[in-house]
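Let's take a walk through this model, starting from one side chain and working outward to a core and a pocket.

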Amino acid sequence: LGGCRQFLRRPPQQGQIQMHTFGKVGTYAFRTDQKLSSLIFFRMAILTLRHGICRESPAAFAAVGIIFVHFQGQHKLGDLLGRLAVSLVERHGWEDQVAKVNFLVCRGILAFNKDLHTILLPLKKAAESGISFSEERDLGSPANSLFLDFEAAAMSVNGYIIASLQCGRDLQLLRLTAKSMLGKVKGHSMNLGIARTLETVILTLVGEQNGNDLLGNLGMTDIERTLLDAQQRNAFHSVLTLRMSLAIIFRKYDVAAVALSLMTQDIAIRGPLLHILVKVDSVFYSGLTAAAMSSKDPSEKWMNIVRKSVAQMEGYAEHAAMNYQHKLCLLNAEMERLGGHINAAAKMYDESIRLASTHGFGHEAALAAECAAIFHRNMKSSEATVTNYFSRSRELYVMWGATAKVSDLIHNMI
């Protein structure tokens, strides 16, 4: 990457090989040095404007769109560049670019502007395309193998499974889909850690694993250590966020705090990171973790994390309320609870349940209902009120297919 800084200073040269080289280096830099990757992708866009479209151009425009959305807050411009990227792939019939470009546009741009449920179909198309080209590689190098990005192909599959999990798709069906899709590409991927963690999360929720690898460890897991040593920061943070989300669902707050601490330490040492796969989830579960820990340790450290999470979620909800307003309400409910504002907290819990149910996030309505039940139990509300919230949570977890969580919830109700 150090040599690439010198390469960036060279005069633009015509030719697809240079664009391909930038694309490969830019993809790697995105995981380790995002300032450098931004320079690379902007340079690729400039090369395209000066010398014309080539196979690498759509991904460059998509990456620049992501930069505008997340670093400049220019959602309309990011959306425009994303649509341009997709249209170029379709217009030129570059099937080898479908996985990469659809993944970048859906996860990095549309997820922050459009209904999350509507991007599942193009993400599935990207995943299927990624699987197709992975299988082609297994059978022998296709004619255009120079321009295939198998890492992006594998990530598109991870992206589709994670989005399905985030949308609360039926876990029993998702278990089968994940087993089929991840089994076909994870062997080719540097993101093997994400695939394995995803499988563990899903199988733990449906009760086919005990989840001890993630929930019984108060240190760094082997997968997390491997990713950190390999400087795979995006994958490292994605795995930690998946672990933290599972810990919150099963109320293993000490484990969630470990995952949050590891992410915080990495950011303090290596700087901020844009991990588009689980960016919002990272904010959401960090806030819930800090709120839970603040109940045990009412220090400013935890409250500052809660406030920061609320502020960040407000930004996401401003542009995609259908995806994120219910998350913001639950974070606000927790903050009001910690502030001793009982009535305000109760209203926010109810609003989170209502919005999550309205917009198709039943699994997060279940989480909000459980939080409300525990809140009302601690506030000595009537037994009928507490039971009503627990029952609502149980019903929603049953609908999601989270068998192990249902058993956990029944135990908690007694």
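Start at Phe-61 and skip its neighbours within four places in sequence: what's left in contact with Phe-61 is Ala-45, Thr-48, Ile-53, Leu-81, Leu-84, Ala-85 and Leu-88. Keep in mind that this is a predicted model. Phe-61 sits in helix H4, which covers residues 57–72. Its relative accessible area is 8%, so Phe-61 counts as buried, the cut-off being under 20%. Leu-80 is 19 residues away from Phe-61 along the chain, and the C-alpha atoms of these two are 9.5 Å apart.

Now for the largest nonpolar core, which has 129 residues. The members that touch the most others are Ile-161, Leu-165, Met-313, Tyr-324, Leu-367 and Tyr-397. Helix H13 (residues 233–249) is the top contributor to this core, giving 10 residues. Met-313 is a handy one to click on: again leaving out neighbours within four places in sequence, Met-313 is in contact with Val-280, Val-283, Phe-284, Tyr-324, Lys-327, Leu-328 and Leu-331.

Next, the second largest pocket, with a volume of about 330 Å³. Which residues lie nearest its centre? They are Tyr-253, Ala-292, Glu-334, Arg-337 and Ile-374, out of 17 that line the pocket. Helices H15 (279–296), H17 (321–338) and H19 (362–378) each put at least two residues into that lining, and H19 gives the most, with six. As for chemistry, the lining of this pocket splits into 10 nonpolar, two polar and five charged residues.

How values were computed
Residues are numbered from 1 along each chain as its sequence is written. This is a predicted model: local features need pLDDT of at least 70, side-chain atom pairs count only at pLDDT 80 or more; totals for chains, interfaces and linings use all residues. Side-chain values use heavy atoms; hydrogens and water are left out. On a 1 Å grid over the protein atoms alone, a cavity is a set of points where a 1.4 Å probe fits but cannot get out, and a pocket is an open set with protein on both sides within 12 Å along at least five of seven lines; lining residues have an atom within 4 Å of a point. Grid points are joined across faces, edges and corners, and a volume is the space filled by probe spheres set on the points. Helices (H or I, at least four residues) and strands (E, at least two) are DSSP runs, numbered from the N terminus. Ala, Val, Leu, Ile, Met, Phe, Trp, Tyr, Cys and Pro count as nonpolar, Asp, Glu, Lys and Arg as charged, and the others, Gly among them, as polar. A nonpolar core is a set of buried Ala, Val, Leu, Ile, Met, Phe, Trp, Tyr and Cys residues joined through side-chain atoms within 4.5 Å. Buried means under 20% relative accessible area, exposed over 50%, partly exposed in between (1.4 Å probe, protein chains only). Contact means heavy atoms within 4.5 Å.
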